[in-house]
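Colleague: I should like to learn how to read the features of a structure one at a time. Could we go through one together?

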Amino acid sequence: MSASRMYRSLPALMLSLLLVSACGGGDDAATGGDAAASDAYVVPAGEAASIAGTVAFQGTPPAPESIDMADEPTCEAKHGSAGPTTEAVVVNDNSTLANVFVYVKEGLGDRTFAAGTGAKVIDQDGCTYRPHVIGVQTDQPLTFRNSDGLLHNINAQATTNRSFNISQPQNMDSQRSFTQPEIMIPVRCDVHGWMEAYIGVVDHPYFAVTGEDGSFTIENLPPGDYTLEAWHERYGTQTMQVSVAAQETGEASFTFNEGMAASAVVPLGAPIDPHGSHTPVAAVAAAAGR
């Protein structure tokens with residue numbers, strides 16, 4: 001190769017070296033990302049503990065409030081002959097409470113945990129959010145689904161996280177996530193004033209929501225001393241101390257009663273009027289576009 005040709009090739013050679021270096025930096029960054037992921041705490045084999053219990057209700061359960069869905073006959077038909085009712089208080093046949101969010105509030109120290117895998121779903125079906133209460137980890141995908149095929153919107157009134165208002169005019173999915181822990185985030189539909197749901201966001205996988213038997217189980221815990229909190233939208237919160245050893249199942253049972261509603265401090269936004277009038281479609285569209 002002549003000297004003049006070699007010199008003409010130098011700029012291309014230097015550019016190639018820079019590109020190789022940049023790609024090498026990308027490999028380092030990927031390695032760093034893998035290292036960050038490897039920092040996630042994993043309970044040592046043979047040490048995993050659990051906490052299980054129930055949330056009881058004492059007193060006379062309030063009668064479910066009927067919801068007037070006459071303006072949405074398609075939704076009304078999905079609820080059968082019993083008709084739609086609110087879910088603010090759901091007392092099970094065994095005198096336990098459904099829709100109670102139970103989570104580890106303290107005791108995990110400075111451990112960090114891998115993000116939750118798989119998208120959780122809140123479905124708008126029968127002009128109702130299903131489930132009414134849900135828990136997710138920070139940065140875990142949460143899908144909002146419209147199964148009714150009519151106009152809904154998802155108005156999430158977060159305080160620590162960023163609020164959002166999504167319009168869904170047809171059958172469709174929208175996905176969001178939350179970056180910070182927050183107990184709880186109320187969600188409402190501005191089109192149908194009775195629609196409400198609540199999202200509990202934590203930065204670890206140790207949470208549960210009580211169902212039709214009022215029970216909960218939190219599994220794969222490291223052994224330790226914990227503060228558990230149980231949250232209910234009308235009766236407020238309760239905490240309990242629980243200690244669990246390796247491979248042990250600790251017990252934590254909570255009891256709420258009808259008198260707690262008057263003095264309950266519920267950590268979330270303003271209560272929703274289930275009998276509120278419909279918000280005009282134009283107002284929903286304007287809110288979604290702001």
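Modeller: Let us begin with burial along a strand, bearing in mind that this is a predicted model. Strand E5 (residues 133-137) is mostly covered, since five of its five residues are buried.

Colleague: Which residues of E5 lie on one side, and which on the other?

Modeller: Val-133, Gly-135 and Gln-137 are on one side, while Ile-134 and Val-136 are on the other. All of these residues are buried, which leaves both faces of E5 covered.

Colleague: With which strand does E5 pair, and in what sense?

Modeller: E5 pairs with strand E11 (residues 196-202) in the parallel sense, over five bridges. Within this pairing, Ile-134 stands opposite Ile-199 in E11.

Colleague: What is the order of the open sheet of five strands?

Modeller: The order is E5-E11-E10-E7-E8, and the pairing is mixed. E5 and E8 are the edge strands, each pairing on one side only. On average, neighbouring strands of this sheet are turned by 20° against each other, direction ignored. E7 and strand E10 (residues 182-188) run antiparallel and are joined by two bridges. Asn-155 stands opposite Arg-188 in E10.

Colleague: Where is Asn-161 placed?

Modeller: Asn-161 is in the loop between strand E7 (152-156) and strand E8 (164-168). With a relative accessible area of 8%, Asn-161 is buried. Its C-alpha is 7.4 Å from that of Glu-182, although the two residues are 21 apart in sequence.

Colleague: What is the strand order in the open sheet formed by four strands?

Modeller: The four strands come in the order E12-E2-E14-E15, with antiparallel pairing. The edge strands, each pairing on one side only, are strand E12 (207-209) and strand E15 (236-244). Here the average turn between neighbouring strands is 25°, direction ignored. Strand E14 (residues 224-232) and E15 are joined by nine bridges and run antiparallel. Trp-231 stands opposite Thr-237 in E15.

Colleague: Let us turn to the cysteines. What is a disulfide, in general terms?

Modeller: A disulfide is a covalent bond between the sulfur atoms of two cysteines. In this structure the count comes to one disulfide. The bond joins Cys-75 to Cys-127, with an S to S distance of 2.2 Å. Cys-75 lies in helix H2 (residues 73-77) and Cys-127 in the loop between strand E3 (120-124) and strand E4 (129-130), so the pair ties together parts that are 52 residues apart in sequence.

Colleague: Is the disulfide of Cys-75 and Cys-127 right-handed or left-handed, and why?

Modeller: The disulfide is right-handed, because the torsion about the S-S bond is about 60°. Cys-75 counts as buried at 0% relative accessibility, and Cys-127 is buried with a relative accessible area of 0%.

Colleague: Why is the sulfur of Cys-189 not in a bond with the closest cysteine sulfur?

Modeller: The closest cysteine sulfur is that of Cys-127, and the distance of 7.5 Å is too far for a bond. Cys-189 counts as buried, at 3% relative accessibility.

Colleague: How does one find empty space inside a model?

Modeller: Rolling a probe the size of a water molecule over the atoms shows where empty space is left. This structure holds one cavity of 30 Å³ or more. About 90 Å³ of space lies in the largest cavity.

Colleague: Which residues line the largest cavity?

Modeller: The lining includes Ile-67, Thr-85, Glu-87, Cys-127, Tyr-129, His-132 and Trp-194. By class, the lining has five nonpolar, four polar and two charged residues.

Colleague: What should one look for in the backbone?

Modeller: Most residues other than glycine have a negative phi, and most peptide bonds are trans. Here a cis peptide bond joins Arg-130 and Pro-131, with omega about 0°. Pro-131 lies in the loop between E4 and E5. Another cis peptide bond joins Ile-183 and Met-184, where omega is about -10°, and Met-184 is in strand E10.

Colleague: What is the phi of Asn-99, and what is that of Cys-127?

Modeller: Asn-99 has a positive phi of about 65°, although it is not a glycine. Asn-99 is in the loop between H2 and strand E2 (101-106) and is buried, with a relative accessible area of 12%. The phi of Cys-127 is also positive, near 55°.

Definitions and conventions:
Residues numbered from 1 in each chain as written. Predicted model: local features only at pLDDT ≥ 70, side-chain atom pairs only at ≥ 80, totals over all residues. Heavy atoms only, no water. Disulfide = S-S within 2.5 Å. Buried < 20%, exposed > 50% of the residue type's maximum accessible area, 1.4 Å probe, protein only. Pairing = 2+ DSSP bridges. Axes fitted to C-alpha atoms, helices over the stretch in contact; angles between N-to-C directions. 1 Å grid on protein atoms, 1.4 Å probe; cavity = no way out; pocket = protein on both sides within 12 Å on 5 of 7 lines; lining within 4 Å. Points joined across faces, edges and corners; volume = space filled by probe spheres on them. Nonpolar A, V, L, I, M, F, W, Y, C, P; charged D, E, K, R; others polar.
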